[in-house]
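Reader: I am new to this structure and would like to learn how to read some of its features, one at a time. Could we begin with the bonds between cysteines?

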Amino acid sequence: MSLSSCPEKRHHLSFSGKFGDSWKWNVAAGYGRTNNHSQIVNHLISANWKAAQDAVVGPNNSIICRINSTNPADVAITSNPSYAGFGASAGCVPVNVFGPNSISSAAAAYVMGTQTFDFHTGQTFADASLSGEPFSTWAGPVAVSSGIEFRRESLVGNSDPISNRSTLAFPSGGFNYGNPKPINGHYNVKEGYIEAAVPLLESHGTDAIALNGAARLTDYSTSGTVTTWKVGGTVKPIDGVMLRVTRSRDIRAPNINELFLSTQTFVEGVTDYGNGNASVQAVRLVQGNPTLKPERADTFTAGVTLQPAVVPGLRIAVDYYNIKVGGVIGSLTAQQILNFCYGQAGFNKDASYCNFVNRNADGSLKNVVATNFNLQSLKTRGLDLEVAYSRSLGSGRIGLRFLGNALGALIIDQGTGLASAVVNRAGEVSQNGFNRVPNGSPKWRHTFNVTYSRGPLDVFGQWRYVGAGVYDVTAQSTTPGVANYIENNRIASVSYFDLAVSYKVIATGSKKVELFLRGDNILDKAPPIVVQGGINPIANSGSFYDLVGARVTGGVRFSY
């Protein structure tokens, strides 16, 4: 059973003011901290479980754990570091695994424990901003906004001693799974930015042609300085039509876990090209990488908005996007790192990866450090569609809104140099893909909702749709027995329906009391089931599908 709690506290102080005809200023500072405690109770302790199963006959024909035996032969077995019960806790109680209720309460208490992880995240910030209209062009005032900001992000966490126990049999930790490790890291960010909107042509009281731009200089204590920017424009050739275009450079900085994740140990079978192509069990050390750089994205968008005067209340918007992301943060397996180091299995040889391969004095493989790398890249393009319409209906008002996304491409390059590592995963909707490949996304998704308001009453209905897709775009369904064979590779489309109603009992000034009732996934549509790794059926991606089922929430909202 898993239990968790995460109390949070925040302190914020700000001052703002105005001067001149249009200038506004703001200064703020704050601190926030979230404490998280999580635990898994009655969690199997691996070495204790193995030791409790390994029972022998002791003094007076009693049944004892082998690790409690003083027989020299037993001592020789249990003192070997490769023994599965090596490192087990004292006080071993043998278990009988046959028959119902065969494990005594004393044995259960010995083989199970509580896994804990306590961590806190913190953020300290200070910022200042200034905005106004310094001058006007022939088409109207130029708006400018600028500011500076400082942030410090931190993460400190500790786990229980059993999770930190590592043996040859259970190198990743003492429990059956989980085994979180201590973590301690922080980084500082300093930023400065400026934004501007410049009208170039005025027509009918609005900006018929306008430009906008922004630039931001950011300095990370871990990865140095980066510059991001945006430039765009809008054109209104006639009433009810607006064209827009934007080009930008954006970044995503590595998070604290990607930078400072504490070492976790796993075992992986590999071919060691540096030792006669021997097939060995390699110790894979998974850890953060404080030298990571921010991911970089080049984005182009272009769109049009239509608001025809002949149909009051109608608005249609269509936007095209094309995004290229480089230096995407990802990790490699021990085998992939060896492939890079020695240029094997079709990988481009890169001697820098040999720095992550550690060997013993005799040349045998000691471990492989599988940290995070700025290795992958991503390209995506598609269309976003929005149609909205509202009008009076009787003594109330009705609104209709449709939001859709058509994904044209989602090309993921894992950065290994292999042609097979570059795949367009548009339409792949499984959680981990086949054999844990990167996630894709449906080629079509939409939501359609209807709202009706009449006095204090509001009614809402929604249709959520996820288009059909496949488990793996690289799989085939014609030749059984091959690695990428899936008998039925299709995942059907799914529709969900939601309803909500609310009623304002009091709505006078700052006093508001509202009753509400909401039903999500009212037809109790189950998500598709994905076979991960060919064995364990699991619910699909929560990004696309409802994993909870039908549910109803209700309550009272109030403010005074």
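Author: A disulfide is a covalent bond between the sulfur atoms of two cysteines. In this predicted model, one such bond joins C65 to C92, with a distance of 2.1 Å from S to S. The torsion about the S-S bond of C65 and C92 is about -75°, so this disulfide is left-handed.

Reader: Where in the chain do C65 and C92 lie?

Author: C65 belongs to strand β5 (residues 63-65), while C92 is in the loop between α2 (72-78) and α3 (105-111), so that the bond links distant parts of the chain, 27 residues apart. C65 is buried, with a relative accessible area of 0%, and C92 also counts as buried, at 7% relative accessibility.

Reader: How many disulfides are found in the whole structure?

Author: The search of the whole structure finds two. Besides the bond between C65 and C92, there is a disulfide formed by C341 and C354, whose sulfur atoms are 2.0 Å apart. Here the torsion about the S-S bond is about 105°, so the disulfide of C341 and C354 is right-handed. This pair links C341 in helix α5 with C354 in the loop between α5 and β16, 13 residues apart. When the bonded cysteines are numbered in sequence order, the pairing reads 1-2, 3-4.

Reader: Which of C341 and C354 is buried, and which is partly exposed?

Author: C341 counts as buried, at 2% relative accessibility, whereas C354, at 29%, counts as partly exposed.

Reader: How should I read the aromatic rings, and how many pairs do they form?

Author: One looks at the distance between ring centres and at the angle between the ring planes. The count comes to twelve aromatic pairs. In one of them, F340 and F347 meet edge-to-face, 5.1 Å from centre to centre and with 80° between the planes. F340 and Y353, by contrast, form a stacked pair, with 4.4 Å between the centres and 15° between the planes. F340 lies in helix α5 (residues 334-342) and Y353 in the loop between α5 and β16 (357-359), so the pair ties together parts that are 13 residues apart in sequence.

Reader: Are these three rings buried or exposed?

Author: F340 is buried, with a relative accessible area of 4%, F347 counts as buried at 9%, and Y353 counts as buried at 8%. These residues are part of one aromatic cluster, formed by F340, F347, Y353, F356 and F373.

Reader: What sits over the ring of F516?

Author: The charged end of R557 sits over that ring, 3.9 Å from its centre.

Reader: How do I read the strands, and which strands does β14 pair with?

Author: In a regular strand the side chains alternate between the two faces of the sheet. Strand β14 (residues 295-306) pairs with strand β11 (residues 241-252) in the antiparallel sense, over twelve bridges, and within this pairing M242 stands opposite T305. Strand β14 is also joined to strand β15 (residues 314-331) by eleven bridges, again antiparallel, and there T301 has Y321 as its bridge partner.

Reader: Finally, what is the mean pLDDT of the chain?

Author: The mean pLDDT of the chain is 90, and 95% of the residues reach 70 or more. Over residues 433-438, however, the pLDDT is below 50, and this stretch has 18 contacts in the model beyond near neighbours in sequence.

Definitions and conventions
Residues are numbered from 1 along each chain as its sequence is written. Side-chain values use heavy atoms; hydrogens and water are left out. Two strands pair if DSSP finds at least two bridges between them. Helices (H or I, at least four residues) and strands (E, at least two) are DSSP runs, numbered from the N terminus. Rings of Phe, Tyr and Trp (its six-membered ring) pair if their centres lie within 6.5 Å; planes under 30 degrees apart count as stacked, over 60 as edge-to-face and the rest as tilted. Buried means under 20% relative accessible area, exposed over 50%, partly exposed in between (1.4 Å probe, protein chains only). A charge sits over a ring if NZ of Lys or CZ of Arg is within 6 Å of the ring centre and within 35 degrees of the ring normal. pLDDT is the predictor's confidence in each residue, from 0 to 100. Contact means heavy atoms within 4.5 Å. A disulfide is a pair of cysteine sulfur atoms within 2.5 Å.
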